[in-house]
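Biologist: I am new to this structure and would love a close look at one part of it. Could you take me through the aromatic rings and their surroundings?

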Amino acid sequence: MFDDQAKEMMAQAQGAQGAGMPNMPPEMMAAMKDQTPLSSAEADELGTLMERMSAAAPSVATTCKPGELKQAMQMAAEAPGAGGVMRMMLGKLREAQKQIDEARATFAKMSEPERNDYVATMTAEYRAWPAANKQAFRDMVETNFLGMPDTLRTPLLAQLKQAG
């Protein structure tokens, strides 16, 4: 299933390149011109990061079984012209993982007053978010994707559930 989606996405991207889409970001245009396939290690890392990120929000996660996403990335990495776009995705996921790691370190260092402020601030912001964003954030807190200590995660989750 995912393999079909990846192929369709690549076909659309190649079609957009051929059509000379003027509104396409330069980063995407450059990525589409990069014909160098991902190495096996890069494809494996991409699959690993995608699996890790999909675990953050089970309500919107892919229905792939464990390992299927990695296998799909290995197959997609071999597709002609896919390397640049996949390398761009890998770069974005690496950056996201770096930010998650930084958030974990920050959460671990928070004092009780800082945790209380964080809960109050996030709850206030959360109320204004669209339903899909609320669900994704609740999923991340429930699965503890961001590595929050329980002294932060438990009160935050309680406040999010009260806020709807």
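Modeller: Gladly! Let us start at Y118, which is buried, because its relative accessible area is 18%, under the 20% cut-off. Please keep in mind that this is a predicted model. The ring of Y118 pairs with that of F107, and since the centres are 5.3 Å apart and the planes stand at 70 degrees, the pair is edge-to-face. F107 is buried too, with a relative accessible area of 6%. This pair ties together parts that are 11 residues apart in sequence, because F107 lies in helix 5 while Y118 lies in helix 6 (residues 112-127).

Helix 5 itself deserves a moment. This helix covers residues 83-109, 27 residues in total, and spans 39 Å from its first C-alpha to its last, close to the 39 Å expected at 1.5 Å a residue. F107 has company among the buried residues of helix 5, including L93, Q97, I100 and A103.

Now for the other rings. In all, the structure holds three aromatic pairs. Another of them joins W129 and F137, again edge-to-face, with 5.3 Å from centre to centre and 85 degrees between the planes. F137 counts as buried at 8% relative accessibility, whereas W129, at 26%, counts as partly exposed. Ring pairs also bring in Y126, so that Y126, W129 and F137 form a cluster. Finally, look at the face of Y126: K134 lies over it, 5.5 Å from the ring centre.

Conventions: Residues are numbered from 1 along each chain as its sequence is written. This is a predicted model: local features need pLDDT of at least 70, side-chain atom pairs count only at pLDDT 80 or more; totals for chains, interfaces and linings use all residues. Side-chain values use heavy atoms; hydrogens and water are left out. Helices (H or I, at least four residues) and strands (E, at least two) are DSSP runs, numbered from the N terminus. The expected span of a helix is 1.5 Å times one less than its number of residues. Buried means under 20% relative accessible area, exposed over 50%, partly exposed in between (1.4 Å probe, protein chains only). Rings of Phe, Tyr and Trp (its six-membered ring) pair if their centres lie within 6.5 Å; planes under 30 degrees apart count as stacked, over 60 as edge-to-face and the rest as tilted. A charge sits over a ring if NZ of Lys or CZ of Arg is within 6 Å of the ring centre and within 35 degrees of the ring normal.
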